[in-house]
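Q: I would like to look closely at one part of this structure, a single residue and the space around it. Could you take me through it slowly, explaining the terms as they come up?

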Amino acid sequence: MAFTTNSISKKPPQDATFTDRVIAATGPNADRRLVEVMPSLVRHLHAFAREVNLTVAEWTAAVDFINECGKMSDDRRNETQLLCDIVGLESLVDEITSKMLASSTSETPSAILGPFYRHDAPLLPNGSSIVRNLSPEVPWYEQAVADSALITGRVLTSSGTPIQGAIVDVWHAAPNGLYEQQDESQPDMNFRGRFETDAEGCYTFYALRPVPYPIPNDGPAGRLLGLLDRHPYRPGHIHFVVSAPGFRALTTQLYDDRDEYISKDAVFAVKNELVVKFSPREGDPNARWSLKYDFVLGRG
Ligand code: MBD
Ligand code: FE
């Protein structure tokens, strides 16, 4: 039955299915977008429950599971978002959104934000490092030196004009596979920074080549992965949010091509255009590798 605002004031027909009755309960002053969205959600939820013969015990376990995710979610760790990630929902929504908004195929593809973004990463001068307090006492010191990398590039319009004053907000995990907020031993805001592009649209910073790591495995989302006999690994990746006035902010990730998990990301976020190759770098005591990557923003 096609849903119209007119039909909601009518008594549901005697032969309406249970699902139609639930949908028809929506009132005349309902939120407009919910009027579009909820009939489909209710139909799919009901069809799912019927298809799998969902029992009360199973539904209760699912409610407990979602409640547990919610209780574990705050601005340091978002377990509900992680749950969406492992069933591919954040990647799907990201793809739908970018298809709706992208006006040019030259725009850099987006990728999901993930659960570890923090607002207010320090604004650093170009040429500085997002690696804080690295010393030989750090257990992964050797690896950090071996993976040290200079990352440079430009922020451009889709016609190739440099954008001055764009903000490149970047974050990645430590060589031990933990983001700074997951790891007591790391300084606050380790491996996070924001850089402003210069008159040529350039940004420059030091970071590390990223390593594969397991998404947090100690909560309900990790338990679900175990029950599904799935591995928890994401390929090594560097997160970016690139923004500039007059342009749509670009949330994306870059993936190191050395990584075996590129073809089996636990959260289904890899896109070919975002896989990058680091080059060996000579004569820079701060970096063994370099990467050049230009971000192309859409107007908006
Ligand atoms: C991450 O680090 C991440 O980037 C995503 C998308 C999901 C879980 C952990
Ligand atoms: Fe991540």
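A: A residue is called buried when its relative accessible area is under 20%, exposed when that area is over 50%, and partly exposed in between, as found with a 1.4 Å probe on protein chains only. Phe 191, with a relative accessible area of 0%, is therefore buried. This is a predicted model, in which local features need pLDDT of at least 70 and side-chain atom pairs count only at pLDDT 80 or more, while totals for chains, interfaces and linings use all residues. Residues are numbered from 1 along each chain as its sequence is written, chains are lettered from A and ligands numbered from 1 in the order in which they are written, and side-chain values use heavy atoms, with hydrogens and water left out.

Along the chain, Phe 191 sits in the loop that joins strand 2 (167-171) to strand 3 (192-196), where strands (E, at least two residues) and helices (H or I, at least four) are DSSP runs numbered from the N terminus. Leaving aside residues up to four places away in sequence, Phe 191 touches Ile 130, Val 131, Arg 132 and Trp 140, then Val 170, Trp 171, His 172, Ala 173, Ala 174 and Pro 175, and also Gln 186 and Leu 208; contact here means heavy atoms within 4.5 Å. Trp 289 is 98 residues from Phe 191 along the chain, and the C-alpha atoms of the two are separated by 17 Å.

Some of these neighbours lead on to an empty space. His 172, Ala 173 and Ala 174, which touch Phe 191, help to line the second largest cavity, together with Tyr 179, Pro 210, Val 211, Tyr 213 and His 237. A cavity is a set of points, on a 1 Å grid over the protein atoms alone, where a 1.4 Å probe fits but cannot get out, and its lining residues have an atom within 4 Å of a point. The volume of the second largest cavity is about 40 Å³, and its lining divides into 6 nonpolar residues, 2 polar and no charged; Ala, Val, Leu, Ile, Met, Phe, Trp, Tyr, Cys and Pro count as nonpolar, Asp, Glu, Lys and Arg as charged, and the others as polar.

In the whole structure, the search finds 4 cavities of 30 Å³ or more. The largest of them has a volume of about 100 Å³ and is lined by 17 residues, with Asp 85, Gly 114, Pro 115, Tyr 213 and Arg 234 lying nearest its centre. Helix 4 (79-86) and strand 7 (237-243) are the elements that each give two or more residues to this lining, which consists of 11 nonpolar, 4 polar and 2 charged residues.

Technical notes: On a 1 Å grid over the protein atoms alone, a cavity is a set of points where a 1.4 Å probe fits but cannot get out, and a pocket is an open set with protein on both sides within 12 Å along at least five of seven lines; lining residues have an atom within 4 Å of a point. Grid points are joined across faces, edges and corners, and a volume is the space filled by probe spheres set on the points.
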